[in-house]
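Okay, hi everyone, thanks for having me. I'll put the sequence and the structure up first, and then we'll walk through it together.

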Amino acid sequence: MLHAALSSLLRIDRHRRRALRKALAPCQYVGTMHLIVRYISRNPGASQEEIACFFALDKASAARDAKRLEDMGHIRREIDPSNRRQYRLYLTEAGVEMLSVIDRAYEDFQSRLAAGFSPEEWALLTELLARLEENSQKEL
């Protein structure tokens, strides 16, 4: 039974990735760029390492996507004065504008996913998934 639930979660995640890729492709967003922009919007001045750790990404991917976002003019990277080997990331005006596109893509997928669920069922599912996430972070 656990295998079926995990398989469902993996398939849902694949569908989510495909939907986001399709919605964000016209904006030239690939990979985890949308995650970085959303994280920075909530945590201005976050480091690439912090983002990589939060999303369980490898540091090279986070750095590569941050560089792409900087080249597109959606973020600016500033050297951290307390650690000159680390960058602090901030959204630019173009990055802030992109948030509405990203949020709309997220909301569209969430609406598809939540179709037919009552608010109580959605709350229960959210609680159960949070517990699964917590368990997944425990060391064996």
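Let's jump straight into the first helix, α1, which covers residues 2-24. Find Asp13 and Arg16 there: they sit three residues apart, so about one helical turn separates them. Their side chains meet in a salt bridge, with N to O at 2.7 Å. Asp13 has a second partner too, because Arg17 is four residues along in α1, again about one helical turn away. That salt bridge, between Arg17 and Asp13, comes out at 2.8 Å from N to O.

Are these residues buried or exposed? Somewhere in the middle, actually. Asp13 is partly exposed at 23% relative accessibility, Arg16 is partly exposed at 27%, and Arg17 is partly exposed at 49%. If you're wondering about the general idea, side chains of opposite charge can pair when their charged atoms come close.

Now let me zoom out. One thing to keep in mind is that this is a predicted model. The mean pLDDT of the protein is 92, and 98% of its residues reach 70 or more. Among the elements, α1, the helix we just looked at, has the lowest mean pLDDT, at 89. The highest, 96, belongs to helix α2, residues 33-42. As a rule, where pLDDT is low, you shouldn't read the predicted coordinates in detail.

So what is the protein built from? Six helices and three strands. Starting at the N terminus, the order goes α-α-β-α-α-β-β-α-α. The C-alpha trace spans about 50 × 40 × 25 Å along its principal axes. There are 140 residues, and 27% of them are buried. If you take contacts between residues at least 6 apart in sequence, 55% of those join residues at least 24 apart. As for the outside, the accessible surface is about 9900 Å², and carbon and sulfur atoms account for 55% of that.

Back to charges. How many positive and negative side chains are there? The protein has 22 positive and 20 negative ones, and the centres of those two sets lie 6 Å apart. The salt bridge count comes to 11.

Here's another one of them, and this one links two helices. Glu49 forms a salt bridge with Lys59, where the closest N and O atoms are 3.9 Å apart. Glu49 belongs to helix α3, residues 48-55, while Lys59 belongs to helix α4, residues 59-72, so the pair ties together parts that are 10 residues apart in sequence. Glu49 is partly exposed, at 40% relative accessibility, and Lys59 counts as exposed, at 54%. There's also a little group to look for: Lys67, Glu70, Asp71 and Arg77 are joined into one network by salt bridges that share partners.

Last stop, Asp65, which is in helix α4. Why does Asp65 count as buried? Because its relative accessibility is 5%, and the cut-off for buried is under 20%. Which residues does Asp65 touch, leaving aside neighbours within four places in sequence? Those contacts are Val30, Gly31, Thr32, Met33 and Ile36. Two of those names, Met33 and Ile36, bring us back to helix α2, which runs over residues 33-42.

Okay, that's my tour. Happy to rotate the model if anyone wants another look.

Conventions
Residues numbered from 1 in each chain as written. Predicted model: local features only at pLDDT ≥ 70, side-chain atom pairs only at ≥ 80, totals over all residues. Heavy atoms only, no water. Helix = DSSP H or I, 4+ residues; strand = E, 2+ residues; numbered from the N terminus. Buried < 20%, exposed > 50% of the residue type's maximum accessible area, 1.4 Å probe, protein only. Contact = heavy atoms within 4.5 Å. Areas by Shrake-Rupley, 256 points an atom, 1.4 Å probe, with all protein chains shown as cover. Lys, Arg positive; Asp, Glu negative; His and termini not counted. Charge placed at Lys NZ, Arg CZ, Asp CG, Glu CD. Salt bridge = Lys/Arg side-chain N within 4 Å of Asp/Glu carboxyl O. pLDDT = per-residue confidence, 0-100.
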